[in-house]
There are 2 protein chains.
Amino acid sequence: MVSDPIPTIKEIAKRLNVSVSTVSRALSDHPRISEKTKEAVKELAKALHYEPNSKAIFFKQKKSYVIGVIVPLIYEDFFSKGISGIESVAMNNGYTILFGQSYDSLEKERVVVDAMKSQRVDGLIISLSKETSRNDHLKALDTYNIPVVYFDRVPSLPDVNKVYSNLFEGTVSMIEWLFKQGRKRIAFINGPSALIASKERLDGYIEGVSRRKLKVDMQMVEQTDFSEEGTHKAIARLLSLKKPPDAIISFNDYVHMDAVKFAVKQQVKINEEILFASYANISVNKHTAYPPVVSVDQFPYKQGEEAMKMMMELLRHKQEGTNAAPGFYNKEMRALLVFN
Amino acid sequence: MVSDPIPTIKEIAKRLNVSVSTVSRALSDHPRISEKTKEAVKELAKALHYEPNSKAIFFKQKKSYVIGVIVPLIYEDFFSKGISGIESVAMNNGYTILFGQSYDSLEKERVVVDAMKSQRVDGLIISLSKETSRNDHLKALDTYNIPVVYFDRVPSLPDVNKVYSNLFEGTVSMIEWLFKQGRKRIAFINGPSALIASKERLDGYIEGVSRRKLKVDMQMVEQTDFSEEGTHKAIARLLSLKKPPDAIISFNDYVHMDAVKFAVKQQVKINEEILFASYANISVNKHTAYPPVVSVDQFPYKQGEEAMKMMMELLRHKQEGTNAAPGFYNKEMRALLVFN
DNA sequence: TTGTAAGCGTTATCAC
DNA sequence: GTGATAACGCTTACAA
C-alpha cells in the first residue's frame, strides 16, 4: 500500500526544478507564468494524480468547502430526498457534504454539532431533533462564524435563516377540498405537540374548519407518538365516537398506513365511509393497499436545493462582508395537494 | 455575526500568559502539567467554546477523522439504511462522514472521488455506480494511502476489501422454499445484466432450479431496466406463455410492486395462482396491497455497520504498520428470507 | 512543570 | 516570469 510519497506542490516543484510558488501559480493559471511552465506543471500534476490538499488551503482561505448537514434520521424518505437535493446543489458549487444524524436525540445532536465545529464546516444545514427546543448549542456556531440554515424542522425564533413549507396553508386547502367532497366531520390525528410541525398542522386545521363556520370540536383531534400502537389508539377513539368522522387526516403517510390498517380491521370502507387524507406524498403511496385520497406534498428534494442555495448566498455575503440582515433568509415553500 | 476572534490555542495561551504548548498539553491531559494550570486552561476553553481545529491536527497526525461515503442514490431505501449504519459506527469511533452521490453515473462518481481525495478523507466506502466497470479512479486513491472498502455494489476483482451479501445463496434458498410450496414453474424478472447483482441472482436461480433436477428454461427469465414500462413488458410476456409461471421472483420489491400492479389488472390471483417473491424486504411491504410472500433481506443497516467496522480495522492496521494482506477483508453477509 | 521552535501544504507578499 | 519567505493552528521533540 505504501508506495510513492503523496504528491504535493513541493514534490512537483522539486522534480521540475522550479519553486513551489511557481507551481502554485501555474496550477491556478496565474497570468504571469509562461505557457511552457504551466504545461509542464499541469502534466506532471496529472501524472502524479496530484489533488490539492484542502486542509492546507483552509489555513489560507479560511474555507473548507464543506457544508455540514444534520438530520434526525437519514432513512426517512423525506430527509433522504432532502439531503439528495442539498448534495446536488453543493456538488455543483464545489462543496462537499459532511453528514450526521441526531437520531432525534438532543444529546446526539450536540455531539454531531461539535464534530461539525471541529471539522470547521463553512456552514451548517440542520433539521432539528424532536427533542430540541433550545438552540444554544447552535448559537455557539456564531463564535466560529459558521452560518446556520434551518431546514424543515425549524425553530420558532425570529432572525434565523430557514427553509420550510407552509403546512398551515396546505392544511387549510386540504380541508377546503374535503368540504367540497361533502365531508363535515373531519378528524385529525396529529403528531406530538412538541413539534412545530404539529402546531402548524393544528392551526391550519382549526382555521380550515372555522372558515366553513363549523364549530371546532377538539373531540375530533387526536395525537400519536408515531408508534403503531399510538396511532391505533388514536384512531380507535375516533371511530368509537358517537358521531364518528367522515374524513380522517393523518400526520403523515406512515401514520396514515397504520391508521388504515386498524380501520380495515374494523370493517371501515376506506375512502368511502371515511375519506383518508395525509401529508408527505411518499412514492409508495401508489402501491399501497389503501392510499390516502389526498396527500400534502412538501417536495423535500426541492426544499433541500433551496436550503443549499440559501447557504451559498449566505457564504457569498460573508465573503464580501455584505452581511445580509439576519432573518432575511426565510424561505417559505408552498406545499401542494396531490391526489391519488 | 463577526464578533470575538475564533478561539484558538494561541488565544487561550495569550489570555492565560502561558505558552501554546502548555495549553495543548493541558487540553490533552498531559501528565506533567499541574492540575491548576489544567483547570484554568480547560475552564477558559469551555468559556470560549473552544473546539480544536481538525484541519490543523491533520497536518501533524495525518488523520482527518473523516471517512468518505459514496452511493449511487441516497434516497433509495437500501442505501439510506446502509449509510445510517455506516454513520452510526463512525460516530461511535470519533469519525464523521463526508458524503457524495454518483447518481449511477461514472462521470459523477469520478468528480466525487476527486472531492474526497482533495478533502483527504482517511478512507472511502463506496457502492459503485451501475456504469462503473473499471476502477482506475479508485486505484488512484492508493497514491494517497486512502483505503477503500466496497459496499454492496462491489467490483469483481480479487484483493479488494468488500462487504456484500450472498445473493446467490439467498436465491437458492428462496427457490427451495417455493418448491416446497409445490411450485414448479418459477419465473424470474431480473435486472440489467450489467449489474453484478443481476448475475448473482441469475446464477442462484439456475442453481436452485437445477438442484431440483428441473430443466432450466430461459423462457422463464425476463429482464427489466427498473422502469415501470420495462417491468410491465417483462411480466406481460411471462403471463402470456403457453405454460405461465406459478411463481414469479422480482429483482427487488420496487420491481415487484410494478409487476403485481400489472398482474392485478390481468385478473391474476396474487399469491394464489402465482406466488410472488422478491428481494430487499423494504418496510412498506407490510402496508402494500400485494406484498411478496417472501423477500430476501440484505440488512443494509447491518451491512453498513460491517463496512465501517472493516474500515476501522484497516485504519488500525495502517496506523500500526501491520498491513493486513490485501483482499483479506472480504465479508460475505448472509441474506435471509423474510415472510409476509 | 513549562517554554521554544520546527514542521505539515498551500497561498500571498515581497523581492528580483 | 520566477523565487524566497511568512503565515495559518496545532503537536511534539528538545531545552530549560
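**Close-ups of a predicted protein–DNA model**

**View 1. The lining of the second largest pocket takes its largest share, 7 residues, from H6 of chain A.** Like everything shown here, this pocket comes from a predicted model. Its volume is about 1,400 Å³. In total, 50 residues line the second largest pocket, and those lying nearest its centre are A:Arg120, B:Tyr50, B:Glu51, B:Pro52 and B:Asn53. Both chains chip in: on the chain A side, H4, helix H6 (106–118) and helix H7 (136–139) each give two or more residues to the lining, while chain B does so with H1, H2, helix H3 (35–47) and H4. Sorted by class, the lining has 22 nonpolar, 14 polar and 14 charged residues.

**View 2. Here is DNA strand C with the 25 residues around it.** Coming nearest are A:Ile9, B:Ser21, B:Thr22, B:Arg32 and B:Phe59. Of the strand C atoms that come within 4 Å of the protein, 58% belong to sugar and phosphate. Which helices supply at least two residues each to the surface near DNA strand C? From chain A, they are helix H1 (9–16), helix H2 (20–27) and helix H4 (54–61), and from chain B, helix H2 (20–27) and helix H4 (54–61). H4 of chain A gives the most, with 4 residues. As for residue classes, the surface near DNA strand C splits into 9 nonpolar, 9 polar and 7 charged.

**View 3. Zooming in on chain A, we see A:Ile9 meet a phosphate of DNA strand C through its backbone.** A polar backbone atom of A:Ile9 sits 2.6 Å from a phosphate oxygen of the strand. A:Tyr50 uses its side chain instead, with an N or O atom there 2.7 Å from a phosphate oxygen of DNA strand C. With A:Asn53 we are back to the backbone: one of its backbone N or O atoms lies 3.3 Å from a phosphate oxygen of DNA strand C.

**View 4. Now for DNA strand D, which has 26 residues surrounding it.** The closest are A:Thr22, A:Arg25, A:Phe59, B:Ile9 and B:Tyr50. Sugar and phosphate make up 61% of the strand D atoms that come within 4 Å of the protein. H4 of chain B provides the largest share of the surface near DNA strand D, 4 residues. By class, that surface has 9 nonpolar, 10 polar and 7 charged residues.

**View 5. Three side chains of chain B are picked out beside DNA strand D: B:Lys10, B:Ser24 and B:Arg25.** An N or O atom in the side chain of B:Lys10 is 3.5 Å from a phosphate oxygen of DNA strand D. For B:Ser24, a polar side-chain atom lies 2.9 Å from a phosphate oxygen of DNA strand D. What part of DNA strand D does the side chain of B:Arg25 approach? A base nitrogen of DNA strand D is 3.4 Å from an N or O atom of that side chain. Stepping back to the elements, H2 and H4 of chain A, together with helix H1 (9–16), H2 and H4 of chain B, each give two or more residues to the surface near DNA strand D.

**View 6. A search of the whole structure turns up 1 cavity of 30 Å³ or more.** The largest cavity holds about 50 Å³ of space. Its lining draws on both chains: A:Lys55, A:Val66, A:Leu98 and A:Gln119 take part, and so do B:Lys55, B:Val66, B:Leu98 and B:Gln119. That makes a lining of 4 nonpolar, 2 polar and 2 charged residues.

**View 7. Chain A is shown by its assigned domains.** Domain 1 covers 9–52, domain 2 is made of 64–163 + 300–324, and domain 3 runs over 167–297. Taken over C-alpha atoms, the centres of domain 1 and domain 2 of chain A are 36 Å apart. In an unreviewed entry, UniProt lists residues 7–61 of chain A as "domain: HTH lacI-type". That stretch, residues 7–61 of chain A, is 67% helix and 0% strand, and its end C-alpha atoms are 21 Å apart.

Notes: Residues numbered from 1 in each chain as written. Chains lettered and ligands numbered in written order. Predicted model: local features only at pLDDT ≥ 70, side-chain atom pairs only at ≥ 80, totals over all residues. Heavy atoms only, no water. Near = heavy atom within 4 Å. Polar contact = N/O pair within 3.5 Å; in protein donor to acceptor, adjacent residues only side chain to side chain. Nonpolar A, V, L, I, M, F, W, Y, C, P; charged D, E, K, R; others polar. 1 Å grid on protein atoms, 1.4 Å probe; cavity = no way out; pocket = protein on both sides within 12 Å on 5 of 7 lines; lining within 4 Å. Points joined across faces, edges and corners; volume = space filled by probe spheres on them. Domains from an automatic or database assignment. UniProt positions renumbered as here; feature names shortened; annotations may be inferred.
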